[in-house]
Number of protein chains: 2
Amino acid sequence: MEEVQVHELARNIARALREGKPSEAVQALEGLHPADQATVFRELDRAEQDLLINLLSPDELGAILEYMPEDDRLEVAGRIELGTLSRVLDEVDSDVAADVLHELSPTEAEQVLGQMKERAEVERLLPYADTSAGGLMMPVPIVLRPWMTAEDAINLLRREKPDTDIVYYLFVVDENDRLVGVVSLRQLVIADPDTLIGQIMDPQVIHVGPDTDQEEVARLMEHYDLLALPVVDRDRRLLGMVLIEDVVDVIEEEATEDMFRMVGLSEEERALGPVSESVRLRLPWLIVNLYTAFLAGWVVSLFEESIAKVAILAAIMPVISGQGGNDGIQTITVIIRSLALGEIGVQDVFRLLRKQILIALANGVVIGGLTGLTVALWKGNVALAVVAAVAMVLNMVVAGIFGVIIPVALKLLRRDPAQASGVILTTFTDVCGFFIFLGLATLLLNWIEASG
Amino acid sequence: MEEVQVHELARNIARALREGKPSEAVQALEGLHPADQATVFRELDRAEQDLLINLLSPDELGAILEYMPEDDRLEVAGRIELGTLSRVLDEVDSDVAADVLHELSPTEAEQVLGQMKERAEVERLLPYADTSAGGLMMPVPIVLRPWMTAEDAINLLRREKPDTDIVYYLFVVDENDRLVGVVSLRQLVIADPDTLIGQIMDPQVIHVGPDTDQEEVARLMEHYDLLALPVVDRDRRLLGMVLIEDVVDVIEEEATEDMFRMVGLSEEERALGPVSESVRLRLPWLIVNLYTAFLAGWVVSLFEESIAKVAILAAIMPVISGQGGNDGIQTITVIIRSLALGEIGVQDVFRLLRKQILIALANGVVIGGLTGLTVALWKGNVALAVVAAVAMVLNMVVAGIFGVIIPVALKLLRRDPAQASGVILTTFTDVCGFFIFLGLATLLLNWIEASG
């Protein structure tokens, strides 16, 4: 559905609600795919959403929740009255229900669970963190045994009629419920009916434990092109399976997280979220930024006398520091992304450093040359041009080095390599850029004044 | 497989190759999952890779190519002798084969195609761009008809024995080969054998044309939680299907592209790629950066006289501009990501502006206050403190405004909102930051000098 249509539908529904025509509002929504219902719902304001929550049936509400981004889902679920919530959660995937229950107080969660039909299934997922394999997994609706025939297996499917489409892979467990293989539904259908599952199954099943982090789950499923990844306990007993649909969301979340963290933003920030929320989330980092900027300012103040004599230093100084920042932020972005995608590891640090220093030198010769030339043409001061050119090359090398070291060091410290790395980097490139340029200029001040 | 294991295996294979024990090298590789074979292969140097290319069978090479990132795949395929290449491409998915053929000269491509068994299938994909739905799609191995029974359909599957696992959705076409519905393999298996496909199929099939951009394909598949998306021509005739596995790669690529473009990097840049490549890719933007930085430097030079009188202005000036840059880059990151995920559109620009100005004012009051306080305590100059505080608030508002306007304007101009937006933004925040602070300071220079 196009954005424009979403906006128009949301406006129509809002109008119907305001004008006291609830059935019109519900009707307008009902014709849509639940994914689009969720998009339209999110466009409504809080009061309108609350009206709709009371008008929709538990399974309609469930479908909408299922298709919402996680933060919005938890927020909306928190506004549903507890009695209704248990009926709504019976309609959603168990991993989604568990996420919602995690947000409630223990007493509330107990109350909601107590009224749920799917209680047992959801309860098994509750011990795991939202961002672990255990938190992402779904219960496995049907398992096969190696001693079944393909026909037995198909009959089992016909009898059980699993109501989701997630049975494209069927997992095979032994007499102790241990995972021993996997068969695709296609293999089952095209196999000779008498073939034993044990013969057609693939015994090499890639699997994870429930505590595996979602980033690792996403990396594995992407690396091996898996549609579903089984989760097993220490004895290899099958606990559940993670579906590719849920991992797609994880991949987007992790990419957002990296982008946001690099610039010191919280991943909770939303483009159209409340102002107060953005202020609360951004202010602490901006304060940290402010004092790192003052640190760079303090370095400049050490050279106040030189600047008082040759004020044009103040105009060239930000060119040196800014260019170092640009160059370093490019390096850091490449490193962070490659670390996140598993293309490189901390053991590559020396190769990376060597490469970045070479790049900085090669680019630095060109950029330093242009800097010197531009300063010479602009101010006609050869000494100043030489100082600017040399400082530029040195600061670009500094930027390349810190661009590698900062994310790798954060990774070694078991922190997210992206965490505020942009802020840390520009502090280094500013402080070093100012110090190198103003330091050199001060050493050669007589020459600069004579050339001016 | 762990990184450490990959490195060790790659070293062992390299040693075996160097010591003239090719069968050992091949053996070490053969026990692995093709995804891991690809990872190990990429660790080898060019000469080692070339040796292996001659040692491996076409289907082993095909499996390795299939699991490589696109750029590496095209580079390696370009080194395979054309006669072998046609046998290798017979073993890979048709969309992968088409991508490889796109990179060859027309004569070479014709030569390779001429020797391929799967020629017809691959030829149908050739007209489409790599980054369109047509370039991502696979041929549909089996289609159903509405007048078949579930039993007919299963018998058809048994007869045709499609050799891939991609048949979890089966598309239904009418007598004119027009797409009319979709059935999941699960529905087929659990249905009563006499049921007509026309009765169990879902006639609402979300589909795209072959020219739909891959970003839109990814957005649709994610939005509707689809495992496969059919591609149809203008008459709704089925051309192929895009699989979720391929879209996962697209989602990662697009996220990388946004992160890289924001900082003026090319998406071709690789952490461990050749130095010359990185220099070639980065240098043009760094030169643009340099002259935008000189523009900011020129603004500073306009106030040379004020700086000569009160040199400490040079120390406070980068605090104002840097903080504006930090604040603006946060805003721009949120906007770019939300545009990419389809959470907001250009029509939201006024709401976004209003929000960002409010955030900037709220944060600005705190940050401006702290700036004033810090300057007052550090330099004991009340006038300077007031100028710094006011300039800080104004520059943060400027940063908020440009943080919204730059990506939205790029989107309206049908450019990528991320394209170099970080560079454009810091140009504005530097130029405005210097101008506002030094301009105010110059207006109030007497007061500042008297307070000092």
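This report describes the contact between two chains and then three residues of chain A.

The model is a predicted one. Where the chains meet, 93 residues of chain B are in contact with 92 residues of chain A. Helix H19 of chain B, which spans residues 313-340, supplies the largest share of the side of chain B that touches chain A, namely 17 residues. Sorted by class, that side of chain B consists of 53 nonpolar, 21 polar and 19 charged residues.

Within chain A, two residues that are not glycine have a positive phi: for A:Asp225 the angle is about 50 degrees, and for A:Arg236 it is near 70 degrees. A:Asp225 sits in the loop that links helix H15 (214-223) to strand E4 (228-232) of chain A, while A:Arg236 belongs to the loop between E4 and strand E5 (238-243) of that chain.

A:Asp246, by contrast in setting, is part of a helix, H16, which covers residues 244-262 of chain A. The C-alpha atom of A:Asp246 lies 8.8 Å from that of A:Met137, although 109 residues separate the two along the chain.

The surroundings of the three residues are set out below.

| Residue | C-beta neighbours within 10 Å | Class |
|---|---|---|
| A:Asp225 | A:Asp225: 18 other C-beta atoms | partly exposed |
| A:Arg236 | A:Arg236: 17 C-beta neighbours | partly exposed |
| A:Asp246 | A:Asp246: 20 C-beta neighbours | buried |

A:Asp246 counts as buried because it has 20 C-beta neighbours inside 10 Å, and the class begins at 20 or more. A:Arg236 is partly exposed because its 17 neighbours fall between that limit and the limit of 12 or fewer for an exposed residue.

Key:
Residues numbered from 1 in each chain as written. Chains lettered and ligands numbered in written order. Predicted model: local features only at pLDDT ≥ 70, side-chain atom pairs only at ≥ 80, totals over all residues. Contact = placed C-beta atoms within 7 Å. Helix = DSSP H or I, 4+ residues; strand = E, 2+ residues; numbered from the N terminus. Nonpolar A, V, L, I, M, F, W, Y, C, P; charged D, E, K, R; others polar.
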